[in-house]
Structures are given as structure tokens and as C-alpha cells.
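Please open the structure in your viewer and keep the selection tool at hand. The tour below proceeds from one selection to the next.

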Amino acid sequence: MKKAKVIALALATVAAVNMLTACTSNKSDLTTNSGSESANTSISGTVATDGSTSMEKVIGVLGEAFEQQNDGVTFTYNPTGSGSGITAVQEGRCDIGLSSRALKEDEKASGLTETVLAYDGIAMIVNPENPVSDLSLEQIADIYTGKITNWNQLGGEDAEIVLIGREAGSGTRDGFESITGTKDACLYRQELTSTGDVITAVAGNPNAIGYASLEALKDTVKALTVDGVAVTYDTVKNGSYVVQRPFVLVTKNDTDLTDVAQKFFDFALSEDAVPLIQQAGAVATH
């Protein structure tokens, strides 16, 4: 009986040691896994973007949200215009270029890739005092090419139409001229370097007309309907408002994004970004 008690005690001791070893091993594994997951989710560095001034609200809200989600990240945006943003990514001066027009074939051939982030309506804007409220696409083309020169030809006041537009290389200008069929034919009175400048110029001149991104509109100007269709999130999404263009993320084919830039790129194209893009007045593609 005594020998049996000794054997039972020994077996109990072995079992206890095994249990303790297993618990220690599991705890060690859990600690290792937890540390690995933390390393995978922790990220730091700078994401540099450059380009379209029309994308300011969209890229701004996405960049702000990304910084809030990643404490070690700095997000920068340089509003230089679509053409300059495309050049910046070609020359390696930014991680991601921003263009409010599709890439041209020669730009793609040079090693660039476009990823459409969203679509944006190009609003036709006039001074709030202007009684004209609707224009057809054909009338818009005739205005900008000099076939229609006075507002009284459109039911407005007897006053010369002052044509405001964007500078050469602007994605907004490229989109507008492509849609209206007025490429290299517009007779601009002023060619301005940002969407904000166009809005300011039109707001200050009762005889002016201009075009600006939907997401940048202010109540200092009046957006016209085009062929009876107002420029809104819904009409851009369903295609009934025809004066619209893409918002594009531009990257280099032969250069991998940094880890932090890739994470932002993925975030911008995720479902989490959709309400933010919509909040900025654009239509997400995903």
C-alpha cells in the first residue's frame, strides 16, 4: 500500500509539471503572436502627394483620417496642379501624384499607372446676380469658342460674357475642354492657377462664367444646370450630369511604394474611405 501511494504521488507531480510547462509555453506563444501583430499594425513615416488643386478636399479628408489612424504617420499634399503632380511622381519627388484627368497615352508609355479614386462633376458657375440658370452643352461650347459673346443671346443682361478658365496643364481644364469639344479653341479672358481662384474671379464679376470642381463649390457663385440637369453627387454617380471627370492616383510602374505610402493607397481605395470621399463631394468608384 505504501509503495502504491508513492507511485500515485509521483504521477501527480509529473502531471502538475507538464501542466505548468504547457501553460508557460502557451503564454510565451501568446506573447510572441501579440508582439508580431503589434509590429504588423504599427507604421510610421511620411506620405507625400502632389498635384490637382481640385482634389484638395478629397485628398485632405483622406490624409487627415489616415494620420488619425496611424500616430507615426505624416501626410503631405502639395497643390501644384495635375500636370505638375504627374511630373513630380515621374521625377520621384512625391509618392503619389494626383490628377483630375485621365493619363494620356504618352504618360502611360513613360511608365506611369493611373488608378481612378473617384469621379467629380465640373460645375459651370456664374455670378449669383446673373439671371441665366441653364445652358446646353452646345451653348457652353459656343460661349467658350466665341460664337456666343453676350448674355442677352441666352436670355440674360446686355453684357459681354467674360470667360474664366484654368491654366494649361490643369486637369479641370483638360476635362472641361474634352467634354465640350473645345480643346485648344477656348478664348479665355483669364487663365487661373487654381479652382479657388476661378471661384473668386466669377464671384467678383457679374458678367463672368467659369468652371470649377463640384467639391469646391461655394455659395459665392451659382452653379448652372446643364441640359436641365443639376450638378450633384447623385447626377454625377448616375451619369446624367455629363460634365464630369476622374480623380486619379498616379504611381510609377517600376517603383514600389514605401510601406506607409502603400498603406495609404490601400486605405484610399477601401470601403472605409467611401463615406469620406462622399463627404468631400466626390463619387467613389468602389
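pLDDT is the predictor's confidence in each residue, on a scale from 0 to 100. The model shown is a predicted one. Its average pLDDT is 88, and 86% of the residues score at least 70.

Begin by colouring by pLDDT and selecting residues 1–40. Here pLDDT stays under 50, and the model has zero contacts beyond four places in sequence for these residues.

Next, select helix 3, residues 82–90. Which of its residues are buried? They are Ser82, Gly85, Ile86, Ala88 and Val89. Because these residues cover an arc of only 160° around the axis, they lie on the same side of helix 3. Now display what covers them: the elements include strand 1 (44–51), strand 3 (96–99), helix 4 (105–109), strand 4 (112–126), helix 6 (171–180) and strand 11 (244–252). Just beyond, helix 3 is followed by Gly92, which has a positive phi near 75°.

Move then to the largest nonpolar core, which has 41 residues. Select Met124, Ile143, Tyr144, Phe176 and Ile209, the residues with the most contacts inside this core. Among the elements that each supply at least two of its residues are helix 5 (137–144), strand 6 (162–166) and strand 8 (208–213). Strand 4 provides the largest share, five residues.

Centre the view on Tyr144. Leaving aside residues up to four places away in sequence, its contacts include Met124, Leu163, Phe176, Cys186, Ile209 and Tyr211.

Finally, select Ala65, Phe75, Leu98 and Leu276, which are among the 31 residues of a second, separate core.

How values were computed. Residues are numbered from 1 along each chain as its sequence is written. This is a predicted model: local features need pLDDT of at least 70, side-chain atom pairs count only at pLDDT 80 or more; totals for chains, interfaces and linings use all residues. Side-chain values use heavy atoms; hydrogens and water are left out. Buried means under 20% relative accessible area, exposed over 50%, partly exposed in between (1.4 Å probe, protein chains only). Helices (H or I, at least four residues) and strands (E, at least two) are DSSP runs, numbered from the N terminus. The arc is that of the directions from the helix axis to the C-beta atoms. Contact means heavy atoms within 4.5 Å. A nonpolar core is a set of buried Ala, Val, Leu, Ile, Met, Phe, Trp, Tyr and Cys residues joined through side-chain atoms within 4.5 Å.
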